[in-house]
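Trainee: I've got the sequence and the model open side by side. Mind if I fire some questions at you while we look?

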Amino acid sequence: MKTLEEHIESRRTFGIISHPDAGKTTLTEKLLLFGGAIHIAGAIKAKKASRHTTSDFMEIEKQRGISVATSVMGFNYKDIKINLLDTPGHKDFSEDTYRTLTAVDSSIMVIDSTKGVETQTYKLMEVCRMRNTPIITFINKCDREGKSPIELLDEIEEKLQLQVCPFSWPIGTGSQFKGVYNFQEKSILLFNPHKTEKDSSASLIKNPSKEKLISLLGESDTEQLLEDIELITEMYPPLNKEDYLNATTTPLFFGSALNNFGVKELLEGFLALSPTPKERETKSRNIKPSEKTFSGFIFKIHANMDPKHRDRIAFLRICSGTFERGKKYHHVRLNKGLKFSNPTAFMAQEKSIVDTAYPGDIIGLHDTGNLRIGDTLTEGECISFIGIPHFSPEIFNFIINLDPLKSKQLNKGLEHLCEEGVAQLFTRSSDSKKIIGVVGSLQFEVIEYRLKNEYNASCRFENLNFSKAVWVQSKSPTDLDTFIKKNPNNIAYDQKENPVYLAETQWGLDREIKENPDINFKFSNHI
Ligand code: G4P
């Protein structure tokens with residue numbers, strides 16, 4: 001029987017951050033392949049296929065089903081239980097993507113070598129920075145003609161303000177890509193585009209002499225490689241693990257997910273470096289995972305697919321102690337006891353009832369309306385985990401009720417959908433109109449469809465020309481009041497009556513920030 005400490009030591013919970021099409025799905029599949037969860041590949045591909053046809057309502061249902069299944073992908077590798085949390089990035093990009101990152105202990109950042117650092121990576125990186133989440137970088141698609149590796153390193157350092165520490169280095173790119181050099185092992189891994197098997201160790205050559213290199217790579221690539229090794233060793237000092245754990249430096253690997261090249265090295269590097277479940281902050285004190293009593297928080301809610309049963313699955317991240325099925329736990333916000341008789345674990349794609357779960361694990365709890373995003377469950381202590389925020393939406397629409405007799409249903413539906421984190425609801429101060437704010441446009445289709453299907457309410461949307469919502473606060477109530485009165489058409493209130501400034505453009509927002517030094521503009525707000 002493992003002790004609690006041993007369970008903690010053998011767990012890693014992480015997410016992948018990337019811009020659409022950088023290769024996250026492909027990398028996920030290859031990682032799962034190493035974990036022996038091969039049959040999961042089908043589900044991930046299905047998810048990808050569905051995202052191209054999301055305007056079809058049947059597809060929305062299908063996608064929702066698949067996305068429950070792929071929300072958490074657990075697998076074992078070398079006695080380590082790895083929990084990979086999905087961070088949807090295409091049209092299905094939503095606040096859930098951001099919030100999922102509050103439940104991980106580290107991330108892998110995938111960058112397309114032909115594109116460099118792209119916008120969504122930048123945004124997700126900012127979320128990681130809020131909690132100092134350690135990041136390992138994988139530069140993907142080295143088999144394609146890409147940017148020069150030095151240029152990519154500079155881009156990461158400049159755009160993401162993250163020091164890099166190359167663990168591997170590409171030999172040639174595109175059609176001339178020959179493999180990678182490993183700085184730790186002083187070995188080279190040769191690239192064979194036709195090789196598909198799991199284990200690429202056969203083409204690993206340790207400590208090759210110059211003659212050996214020439215015979216394998218040719219004279220000019222050998223010279224280039226030796227020059228690169230010298231340069232990189234001089235420019236980038238060896239990794240200080242503390243800097244990685246404090247999220248100021250990112251260890252970096254090169255490879256090609258599609259060719260399963262460099263993925264094993266990435267996984268091994270990840271296991272050697274990445275943190276075990278971390279201490280978590282609450283409003284009153286920090287909670288260590290090794291504390292004997294159980295605690296955890298809800299970071300995501302998924303509505304049931306069957307509209308007749310309005311139960312939902314709440315995703316709980318376990319922060320300390322041992323979770324036991326059927327035991328009564330304390331719901332801090334509601335101050336009441338709750339029992340979960342069928343908690344679900346997500347292992348190798350198969351959902352199964354779980355009897356015990358440990359820090360770092362994610363379990364699904366069936367809920368009939370008691371749980372909300374941000375809720376804390378404990379064994380009795382009144383603590384509340386912090387750092388599960390609302391994020392600033394970027395696309396806004398007025399929502400218009402098409403059937404005045406159904407306004408009660410519409411409001412109820414909106415309340416539920418907002419609790420699930422599908423969207424945020426604001427009320428404009430000047431005319432009391434209701435505004436829906438989201439971070440990914442698909443959410444509007446989801447809202448319209450679900451209001452009709454689950455609440456029998458019809459609505460339409462009217463586009464609004466805002467691109468950012470930021471919470472406004474001030475130490476001086478008079479200053480805040482003056483600012484609100486000055487901008488009636490740009491001020492709305494969130495569901496907790498907090499004032500929010502809606503900006504048309506980043507430029508306009510920057511101007512307001514500059515002109516109003518006494519107002520604090522916040523891009524996220526605690527739930
Ligand atoms: P995503 O989840 O980050 O959006 O990316 P995904 O894995 O779906 O990959 C996007 C495209 O990039 C896919 O091609 C995939 O095959 C390709 N890709 C991923 N890794 C590599 C790599 O290492 N090298 C090369 N050359 N391509 C890579 P697609 O044509 O859009 O889809 P598919 O038809 O191949 O599935």
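Trainee: Let's start with L33: which helix is it found in?
Mentor: Keep in mind that we're looking at a predicted model. Look along residues 24-34 and you'll find L33 there. That stretch is helix 2.

Trainee: And is L33 buried, partly exposed or exposed?
Mentor: Buried would need a relative accessible area under 20%, and exposed one over 50%. L33 comes out at 21% relative accessibility, so it counts as partly exposed.

Trainee: What separation do the C-alpha atoms of L33 and N260 have?
Mentor: Along the chain, these two are 227 residues apart. In space, their C-alpha atoms are separated by 9.9 Å.

Trainee: Where along the chain is the place of N260?
Mentor: Find strand 11, residues 249-254, and then helix 11, residues 263-273. N260 is buried, with a relative accessible area of 5%. Its place is in the loop between strand 11 and helix 11.

Trainee: What's the phi of N260?
Mentor: Most residues other than glycine have a negative phi. N260 is not a glycine, yet its phi is positive, at about 55°.

Trainee: N456 has a positive phi of about 55° too. Is N456 buried, partly exposed or exposed?
Mentor: N456 is in the loop between helix 13 (442-455) and strand 28 (459-463). Its relative accessible area is 43%, which makes N456 partly exposed.

Trainee: On to the rings. How many aromatic pairs are there in the count?
Mentor: Two rings pair if their centres lie within 6.5 Å. By this rule the count is 20 aromatic pairs.

Trainee: Take W169 and F254: is that pair stacked, tilted or edge-to-face?
Mentor: Their ring centres are 5.4 Å apart and the planes stand at 75°. Over 60 degrees counts as edge-to-face. So the W169 and F254 pair is edge-to-face.

Trainee: How many residues apart are W169 and F254?
Mentor: W169 belongs to strand 7 (residues 168-171), while F254 belongs to strand 11. W169 is buried at a relative accessible area of 1%, and F254 is buried as well, at 2%. The pair links distant parts of the chain, 85 residues apart.

Trainee: What is the centre to centre distance for F191 and F261?
Mentor: This aromatic pair is edge-to-face, with 75° between the planes. F191 sits in the loop between strand 9 (187-190) and strand 10 (204-206), and F261 in the loop between strand 11 and helix 11. Both F191 and F261 are buried. Centre to centre, the pair comes to 5.2 Å.

Trainee: Which residue forms one aromatic cluster with F191 and F261?
Mentor: The cluster takes in the pair we've just looked at, F191 and F261. The other member is F177.

Trainee: Over which ring does the charged end of K433 sit?
Mentor: A Lys counts here if its NZ is within 6 Å of the ring centre and within 35 degrees of the ring normal. The charged end of K433 is 4.5 Å from the centre of its ring. That ring belongs to F398.

Trainee: Now the open sheet of eight strands: which are its edge strands?
Mentor: The order runs 28-25-27-26-30-31-29-32, with antiparallel pairing. Neighbouring strands are turned by 40° against each other on average, direction ignored. An edge strand here pairs on one side only, and that fits strand 28 and strand 32.

Trainee: What angle does helix 13 make with strand 28?
Mentor: Helix 13 packs on the sheet, where it touches strand 25 (395-401), strand 27 and strand 28. Comparing its direction with that of strand 28 gives about 155°.

Trainee: Which residue in strand 27 stands opposite L425?
Mentor: Strand 26 (residues 424-428) and strand 27 (residues 434-438) pair in the antiparallel sense over four bridges. Opposite L425 in strand 27 stands I436.

Trainee: Last one: why is strand 22 largely enclosed by the rest of the structure?
Mentor: Strand 22 covers residues 362-367, and pairs with strand 15 (residues 312-320) in the antiparallel sense over six bridges. Within it, L365 is the bridge partner of A314. Strand 22 is largely enclosed because, of its six residues, those that are buried number five.

Notes: Residues are numbered from 1 along each chain as its sequence is written. This is a predicted model: local features need pLDDT of at least 70, side-chain atom pairs count only at pLDDT 80 or more; totals for chains, interfaces and linings use all residues. Side-chain values use heavy atoms; hydrogens and water are left out. Helices (H or I, at least four residues) and strands (E, at least two) are DSSP runs, numbered from the N terminus. Buried means under 20% relative accessible area, exposed over 50%, partly exposed in between (1.4 Å probe, protein chains only). Rings of Phe, Tyr and Trp (its six-membered ring) pair if their centres lie within 6.5 Å; planes under 30 degrees apart count as stacked, over 60 as edge-to-face and the rest as tilted. Two strands pair if DSSP finds at least two bridges between them. Axes are lines fitted to C-alpha atoms, for helices over the stretch in contact, and angles run from 0 to 180 degrees between N-to-C directions. Contact means heavy atoms within 4.5 Å.
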